[in-house]
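Trainee: I should like to understand how the terms used for a protein structure follow from their definitions. May I put my questions to you while we look at one example?

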Amino acid sequence: MTILRRFIAGAVCPVCGRMDTVRRCQEDTQIWWECVSCATRREEPLLEDDEAKPVVIALRPSAS
Ligand SMILES: [Zn+2]
């Protein structure tokens, strides 16, 4: 079975605190993330999931 792995840009590992070491893995319906730095693996969703990451756009009404 193929495991899809993709690094999450800008994600910080909550265990070792390093950036860009976390990658999102998926095999069939199972999704988890793992850190290549400290080898942590969690099946809980990471806060900064790349597909759920909101695009930060400043939506400010013009103060005219
Ligand atoms: Zn880590």
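Trainee: What makes D28 notable in the hairpin of β2 and β3?

Mentor: D28 takes a positive phi near 55° there, and the hairpin has two residues between its strands. The model is a predicted one, in which local features need pLDDT of at least 70, side-chain atom pairs count only at pLDDT 80 or more, and totals for chains, interfaces and linings use all residues. Residues are numbered from 1 along each chain as its sequence is written.

Trainee: Why are β2 and β3 called paired strands?

Mentor: Two strands pair if DSSP finds at least two bridges between them. Strand β2 (residues 22–27) and strand β3 (residues 30–35) are joined by six bridges in the antiparallel sense, so they satisfy the definition. Among the bridge partners, E27 is matched with Q30 in β3, and C25 with W32 in β3.

Trainee: Which residue stands opposite C25 in the pairing of β1 with β2?

Mentor: That residue is R5. Strand β1 (residues 4–7) runs antiparallel to β2, with four bridges between them.

Trainee: How do you know that β4 counts as a strand, and that β4 pairs with β3?

Mentor: Strands are DSSP runs of E with at least two residues, helices are runs of H or I with at least four, and both are numbered from the N terminus. Strand β4 covers residues 41–42, so β4 meets the requirement for a strand. Two bridges join β3 to β4 in an antiparallel arrangement, and therefore these strands pair as well. The partners are E34 with R41 and W33 with R42. In the hairpin of β3 and β4, which has five residues between the strands, A39 takes a positive phi near 65°.

Trainee: What order do the strands take in the sheet, and why do β1 and β4 count as edges?

Mentor: The open sheet of four strands has the order β1-β2-β3-β4, with antiparallel pairing. Strands β1 and β4 each have a single partner strand, so one side of each is left without a neighbour in the sheet.

Trainee: Which pattern does the protein follow along the sequence?

Mentor: The pattern is β-β-β-β, and the protein has zero helices and four strands.

Trainee: What makes a residue buried, and what percentage of the residues is buried here?

Mentor: A residue is buried if 20 or more other C-beta atoms lie within 10 Å of its own, exposed if 12 or fewer do, and partly exposed in between, with C-beta atoms placed from the backbone. Buried residues make up 14% of the 64 residues in the protein.
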